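Hello,

Here is the structure I promised to pass on. Please open it alongside this email, and my notes follow below.

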Amino acid sequence: MDKKPLILIADDDAQALGVLEQIMTAHGYEVVTASEGVSAQQKVLERTPDLVILDNYMPGISGSEITRQIKNNPATQFVPVIMLTGFTETPDKVEAIESGADDFVNKPYKSVELTTRIKSLLKVKALHDELDSAESVIFALARAIEAKDNYTVGHTERVSQFALVVGYRLGLSTEEIDALRKGGILHDIGKIAIPDSILNKPGRLTPEEFDTIRTHPDRGEKICKPLNSVQSALKIVRHHHEKMDGSGYPDGLREDQIPVIARIMSIVDVYDALTTTRSYRAALSHDIAMSILEEEARKGWWDWEILEEFREVAGSHN
Ligand SMILES: [Fe+2]
């Protein structure tokens with residue numbers, strides 16, 4: 001079953017808003033409304049509508065400003081925006097066009113004109129959503145990196161599985177669980193830019209080589225950023241090497257500054273690294289891996305609560 005497209009309508013004129021809402025509902029769309037700019041902004045972020053209809057003139061934030069924000073945010077940039085404008089206000093219209101709105105409808109509008117434009121914009125949106133199964137391309141890429149890094153075969157799947165079980169047990173939201181599933185696969189995608197000679201080097205890395213390795217979260221984030229469907233996992237890709245005491249990278253975040261999904265991922269990632277064979281040592285047992293993680297938690301690297309939860313999860317697999 002296809003989901004009803006969700007349309008956000010923002011207009012400070014209550015009567016106009018009511019009429020629009022009726023028209024949209026009658027055409028089978030799900031509707032969410034806002035009577036001024038700030039709540040329109042919020043609802044765009046909360047609900048990620050399939051299409052937005054904005055009155056250009058609203059108290060607070062104008063329709064053009066909201067449009068600019070929608071178009072500048074990677075998570076919403078493909079959401080079509082229809083701007084309702086008056087016939088005569090030319091300078092405002094120029095501003096609206098410059099803001100990146102996809103279409104304009106003059107007030108008073110004919111309902112058939114509006115619904116026809118909505119239909120065609122929703123078609124384009126559906127195509128974009130499908131393109132987002134470029135998502136599948138990026139996941140394939142992540143697995144290709146795993147393959148070139150021969151000692152990590154199966155790493156991303158295991159990390160993904162463990163992380164989402166820990167997330168469930170900690171009572172995280174559906175979105176966070178989804179982020180853990182995707183982040184488990186994607187976290188090291190930035191390694192595509194790291195030379196194999198460094199990735200697979202037996203023995204110690206030089207400080208310069210370490211610096212190169214440490215660029216992978218930032219590179220990974222840049223690779224994933226344009227993709228709508230992996231936005232939830234970006235924080236994992238960027239922050240999976242942060243440590244609770246601020247000694248991690250790339251941003252040296254501390255404690256709660258590190259998103260909980262990234263704190264989970266870092267523990268699971270290290271555990272999997274310890275319990276698999278690396279180019280410089282054999283795989284360690286579960287017990288040894290856990291005692292290393294605990295020692296590191298005592299040093300201030302890991303979140304104890306998460307580590308305790310993880311111990312239960314990993315223990316039941318051994
Ligand atoms: Fe990593």
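**Helix α1**

In α1, the buried residues are Ala16, Leu17, Leu20, Ile23 and Met24. Viewed down the axis of α1, these buried residues fall within an arc of 130°, so they line one face of the helix. The face turned away from that buried side carries Ala14, Gln15, Gln22 and Ala26, which are exposed. Please keep in mind throughout that this is a predicted model.

Helix α1 runs over residues 14–26, which makes 13 residues. From its first C-alpha to its last, α1 reaches 18 Å, close to the 18 Å expected at 1.5 Å a residue. Look at both ends too. At the N-terminal end, aspartate 13 acts as the cap of α1. One of the side-chain oxygens of aspartate 13 lies 3.0 Å from the backbone nitrogen of glutamine 15. After α1 comes glycine 28, with a positive phi near 85°.

**The chain as a whole**

Now step back. The chain has 318 residues, and 47% of them count as buried. Its secondary structure comes to 15 helices and five strands. Along the principal axes, the C-alpha atoms fill a box of roughly 75 × 35 × 35 Å. Take the contacts between residues at least 6 apart in sequence: 62% of these join residues at least 24 apart.

**Strand β4 and its partners**

Next, go to strand β4, residues 81–85. Is β4 mostly covered or mostly open? It is mostly covered, with five of its five residues buried. Both faces of β4 are covered. Val81, Met83 and Thr85 sit on one side, and Ile82 and Leu84 on the other.

β4 pairs with two strands that you can pick out by number. Strand β3, residues 51–55, pairs with β4 in the parallel sense over four bridges. Within that pairing, valine 52 has valine 81 of β4 as its bridge partner. Strand β5, residues 103–106, also pairs with β4 in the parallel sense, over four bridges. There, threonine 85 has asparagine 106 of β5 as its bridge partner.

**Nonpolar cores**

In soluble globular proteins, nonpolar side chains tend to be buried together. Here, the largest nonpolar core holds 27 residues. Which of them touch the most other members? They are Leu180, Ile264, Tyr271, Leu293 and Phe310. The elements that give two or more residues to this core are these:

- α7, residues 155–169
- α8, residues 174–186
- α13, residues 260–274
- α14, residues 286–298
- α15, residues 304–315

The largest share, seven residues, comes from α13. Another core, of 19 residues, lies apart from this one. Among its members are Ala10, Met58, Val79 and Met83. Met83 also belongs to β4, where it shares a side with Val81 and Thr85.

**Valine 237**

One last residue to find: valine 237, in helix α12, residues 234–239. Why does valine 237 count as buried? Its relative accessibility is 1%, and buried means under 20%. Leave aside its neighbours within four places in sequence. Valine 237 is then in contact with Leu186, His187, Pro217, Gly220, Glu221 and Cys224. Glutamine 42 is 195 residues away from valine 237 along the chain, and the C-alpha atoms of the two are separated by 25 Å.

Best wishes

Methods. Residues are numbered from 1 along each chain as its sequence is written. This is a predicted model: local features need pLDDT of at least 70, side-chain atom pairs count only at pLDDT 80 or more; totals for chains, interfaces and linings use all residues. Side-chain values use heavy atoms; hydrogens and water are left out. Buried means under 20% relative accessible area, exposed over 50%, partly exposed in between (1.4 Å probe, protein chains only). Two strands pair if DSSP finds at least two bridges between them. A nonpolar core is a set of buried Ala, Val, Leu, Ile, Met, Phe, Trp, Tyr and Cys residues joined through side-chain atoms within 4.5 Å. Contact means heavy atoms within 4.5 Å. The expected span of a helix is 1.5 Å times one less than its number of residues. The arc is that of the directions from the helix axis to the C-beta atoms. A polar contact is a pair of N or O atoms within 3.5 Å; within protein, one must be able to donate a hydrogen and the other to accept it, and residues adjacent in sequence count only if both atoms are side-chain atoms.
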